[in-house]
Amino acid sequence: METHESKLLSVVIPAHNEAPGIANTLDTIKETLATCSMEWEIIVVDDGSRDKTFARLNELARADARIKSIRLSRNFGKEAALLAGLRTAKGDAVVTIDSDLQHPPQLIPAMIDAWRKGAKVVDAEKRSREKDGAFTRLRAKLFYSLLSKLGGINLQNSSDFKLLDRVVVDAITRDLAESQRFYRGLSDWVGYSHETIPFDVESRIKGEGKWTFWGLIHLATTAIVSFTSAPLR
């Protein structure tokens, strides 16, 4: 009989210029994974960092074989980094989480529980962003408003903090041929049963946020072009 312990959980983390805090991030996530009664692997995708992120990751991987590092040849962006991690992940379930600990790893056991009860996609939804700065909250509000008004895409309070069943990972990485990808939209568009778990955005421990206003505009444009015919109309 198959047991929970026989399952493998993959954790995919995109990272860009995160050398100062990546070791703390992995230690925090590992502490949570130790309570999950599953085998696990952590895959960190270095999205063309200009600092010593990849060198630090190699040190951590040598110390723990369950940690794997991938380096993209340049800064392709978070969407490409997530896709590279999903394609590498071998888990029966895959969690995607940011490298700055604003997504609380302590939520992972609850996500696993929802998955074991039948959910194929477990979405961690932002309940509060009070620990974000006022400008960051304003950027996010403009981003979601643009998606809603121009593209009819309602992803208010959504995040890239998700758990995907293997069948969903395969659908996104093998069955969809989009060259421009919007991960939050794809994980919803492919269907399957969803469960939502709320969380409060935590303060960034080290470093600075990587999203710029124009970066969000580019992401919104990708989302609208990928998921609606509004531009044609």
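## Thr173 and its neighbours

The side chain of Thr173 has a polar atom 2.8 Å from the backbone oxygen of Val169. That pair is a polar contact, meaning N or O atoms within 3.5 Å, where within protein one must be able to donate a hydrogen and the other to accept it, and where residues adjacent in sequence count only if both atoms are side-chain atoms. This is a predicted model, in which local features need pLDDT of at least 70 and side-chain atom pairs count only at pLDDT 80 or more, while totals for chains, interfaces and linings use all residues. Residues are numbered from 1 along each chain as its sequence is written, and side-chain values use heavy atoms, with hydrogens and water left out.

Thr173 belongs to helix H6 (residues 166–175). Helices (H or I, at least four residues) and strands (E, at least two) are DSSP runs, numbered from the N terminus. With a relative accessibility of 11%, Thr173 counts as buried; the cut-offs are under 20% relative accessible area for buried, over 50% for exposed, and partly exposed in between (1.4 Å probe, protein chains only). Setting aside neighbours within four places in sequence, Thr173 is in contact with Leu83, Leu86 and Arg87, where contact means heavy atoms within 4.5 Å.

## Helix H3

Two of those partners, Leu83 and Leu86, are among the buried residues of H3. How many of the eleven residues of helix H3 (residues 78–88) are buried? Eight of them are, so H3 is largely enclosed by the rest of the structure. Besides the two leucines just named, the buried set includes Lys78 and Glu79.

Just ahead, in the loop between S3 and H3, you will find Phe76. Phe76 is partly exposed, at 42% relative accessibility. Its C-alpha lies 6.5 Å from that of Asp47, although Phe76 and Asp47 are 29 residues apart in sequence.

## The whole chain

Stepping back, the protein has eight helices and seven strands. It contains 233 residues, of which 52% count as buried. Its exposed area is about 11600 Å², with carbon and sulfur atoms supplying 52% of that; accessible areas come from the Shrake-Rupley method with a 1.4 Å probe, and for residues only the protein chains shown count as cover.

Contacts often link distant parts of the sequence: among those between residues at least 6 apart, 81% join residues at least 24 apart.

## Helix H1 and Leu26

H1 has twelve residues and spans 16 Å from its first C-alpha to its last, close to the 16 Å expected at 1.5 Å a residue. The expected span is 1.5 Å times one less than the number of residues in the helix. Ile22, Ala23, Thr25, Leu26, Thr28, Ile29, Thr32 and Leu33 are buried in H1. An α-helix has 3.6 residues a turn, so residues three or four places apart point the same way. The buried residues of H1 pack against strand S1 (8–15), S2, H2, S3 and H4.

Leu26 shows this packing at close range. Its relative accessible area is 2%, so Leu26 is buried. Not counting residues up to four places away in sequence, Leu26 touches Ile13, Ile42, Val44, Leu57, Leu60 and Ile67. Leu26 and Val44 are 18 residues apart in sequence, and their C-alpha atoms are 9.3 Å apart.

## Strands S2 and S3

How do strand S2 (residues 39–46) and strand S3 (residues 67–71) run, parallel or antiparallel? They are parallel, and five bridges join them; two strands pair if DSSP finds at least two bridges between them. From S2 the chain crosses through helix H2 (residues 53–63) to S3, a right-handed β-α-β crossover. Right-handed means that, with the strands pointing away from the viewer, the path from the first strand over the helix to the second runs clockwise. Within the pair, Ile43 stands opposite Lys68 of S3.

## Met111 in helix H4

Met111 is found in helix H4 and is buried, with a relative accessible area of 0%. Leaving out residues up to four places away in sequence, Met111 touches Val122, Ala124, Phe161, Lys162, Leu163 and Ile197. Met111 and Ile197 are 86 residues apart in sequence, yet 7.5 Å apart from C-alpha to C-alpha.

## Two positive phi angles

Most residues other than glycine have a negative phi. Ser37 is not a glycine, yet its phi is positive, about 55°. Ser37 sits in the loop between helix H1 (22–33) and S2 and is partly exposed at 40% relative accessibility.

Leu101, also not a glycine, has a positive phi of about 65°. Its place is the loop between strand S4 (93–96) and helix H4 (108–116), where Leu101 counts as buried at 10% relative accessibility.
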